[in-house]
Amino acid sequence: MNDDSGTQPLSLDLPLVSLPGAHPCSGCGACCTYVATQIDDPSTFKQYENVYWYLTHENVAVYIDWEGDWYLEFQTRCRNLTEARTCGVYVDRPQVCSDFSWTDCERNSGEQGWKHYFKSYEDLLGWMQAKRPKAFARFAAKRRALLKERERSASARPAPASRR
């Protein structure tokens, strides 16, 4: 029904209840279980320290895609993903969801979405040692100096008075 009031009719929040079994996305929903945002390719000590900090958090990873771009990934399920692994707000879904094609999905393309994937600080250090040895050496030296300074500062503080 269309009226002349100029207001749009409210859309219904109907879920996409099921997909045909032959559809490549049927029963998957993997693209609705994480969020990734691009970050700068680290080149300074502080930037590598930030990546270290990211990797100390649960359900957080960092990856490098095939074009060399760096991403911070949060493993977190979309609130609109139904138990059937379909979209509960399909008609009103965010544009980023509409723009994503199932043909780009690594499950359907047969290619990983990333070239290097870091789940831990140790993963990052191993990669740095192998792929960026000069950056690794500079980072490791600054990290040792930072830890030594922390140790020096801690030993210079007076011990807390004990209570009787």
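Me: What makes two rings count as an aromatic pair here, and how many such pairs does the structure hold?
Reply: Rings of Phe, Tyr and Trp pair if their centres lie within 6.5 Å, the six-membered ring being used for Trp. By that rule, a search of the whole structure, which is a predicted model, finds 10 aromatic pairs.

Me: Why is the pair of Y52 and Y121 called stacked?
Reply: The centres of Y52 and Y121 are 3.7 Å apart and the planes meet at 25°. Planes under 30 degrees apart count as stacked, so the label applies.

Me: What do Y52 and Y121 tie together?
Reply: Y52 belongs to helix α1 (residues 45-55) and Y121 to helix α4 (residues 121-131), so the pair links parts that are 69 residues apart in sequence.

Me: How do you know whether Y52 and Y121 are buried or exposed?
Reply: Buried means under 20% relative accessible area, and exposed means over 50%. Y121, at 14%, is therefore buried. Y52, at 22%, falls between the two limits and is therefore partly exposed.

Me: What makes Y63 and Y117 a stacked pair?
Reply: Their centres are 6.3 Å apart, with 15° between the planes. The distance is within 6.5 Å and the angle is under 30 degrees, so Y63 and Y117 pair and the pair is stacked.

Me: Where do Y63 and Y117 lie, and which of the labels buried and partly exposed does each get?
Reply: Y63 is in strand β2 (residues 60-64) and Y117 in strand β4 (residues 116-118), so this pair ties together parts 54 residues apart in sequence. Y63 has 10% relative accessibility and counts as buried. Y117 has 22% and counts as partly exposed. Ring pairs also link Y63 and Y117 with Y71 and W114 into a cluster.

Me: How do you know that R93 lies over the face of Y90?
Reply: R93 is 3.9 Å from the ring centre of Y90. The limit for a charge over a ring is 6 Å, together with a position within 35 degrees of the ring normal. R93 is listed as lying over the face of Y90.

Me: Why are β1 and β4 called edge strands?
Reply: The open sheet has 4 strands in the order β1-β3-β2-β4, with antiparallel pairing. β1 (34-39) and β4 each have a single partner strand, so one side of each is left without a neighbour in the sheet. On average, neighbouring strands of this sheet are turned by 25° against each other, direction ignored.

Me: What makes β2 and β4 partners?
Reply: Two strands pair if at least two bridges are found between them. β2 and β4 are joined by 3 bridges and run antiparallel, so they meet that rule. I64 stands opposite H116 in β4.

Me: Which helices lie across strands of the sheet?
Reply: α1 lies across β1, β2, β3 (70-75) and β4, at about 135° to β2. α4 lies across β2, β3 and β4, at about 145° to β4.

Me: Which residues of α1 are buried, and what covers them?
Reply: The buried residues in α1 are Y48, E49, V51, Y54 and L55. Their cover includes β1, β2, β3, β4, α4 and α5.

Me: Why is R143 called buried, and what does R143 touch?
Reply: R143 lies in helix α5 (residues 133-156). Its relative accessible area is 11%, which is under 20%, so R143 is buried. Leaving out residues up to four places away in sequence, R143 touches F45, E49, Y52, Y121 and R150. The side chain of R143 also makes a polar contact with the side chain of Y121, at 3.5 Å.

Me: What makes the phi of N59 and of R85 worth a note?
Reply: Most residues other than glycine have a negative phi. N59 has a positive phi near 60°, and R85 has a positive phi near 65°. N59 is in the loop between α1 and β2, and R85 is in the loop between β3 and α2.

Me: Why is N59 called exposed and R85 partly exposed?
Reply: N59 has 52% relative accessibility, which is over 50%, so N59 is exposed. R85 has 27%, between 20% and 50%, so R85 is partly exposed.

Me: How do you know that V89 is buried?
Reply: V89, in the loop between β3 and α2 (95-99), has 13% relative accessibility, which is under 20%, so V89 counts as buried. The C-alpha atoms of V89 and R79, 10 residues apart along the chain, are separated by 9.8 Å.

Technical notes. Residues are numbered from 1 along each chain as its sequence is written. This is a predicted model: local features need pLDDT of at least 70, side-chain atom pairs count only at pLDDT 80 or more; totals for chains, interfaces and linings use all residues. Side-chain values use heavy atoms; hydrogens and water are left out. Rings of Phe, Tyr and Trp (its six-membered ring) pair if their centres lie within 6.5 Å; planes under 30 degrees apart count as stacked, over 60 as edge-to-face and the rest as tilted. Helices (H or I, at least four residues) and strands (E, at least two) are DSSP runs, numbered from the N terminus. Buried means under 20% relative accessible area, exposed over 50%, partly exposed in between (1.4 Å probe, protein chains only). Axes are lines fitted to C-alpha atoms, for helices over the stretch in contact, and angles run from 0 to 180 degrees between N-to-C directions. Contact means heavy atoms within 4.5 Å. A polar contact is a pair of N or O atoms within 3.5 Å; within protein, one must be able to donate a hydrogen and the other to accept it, and residues adjacent in sequence count only if both atoms are side-chain atoms.
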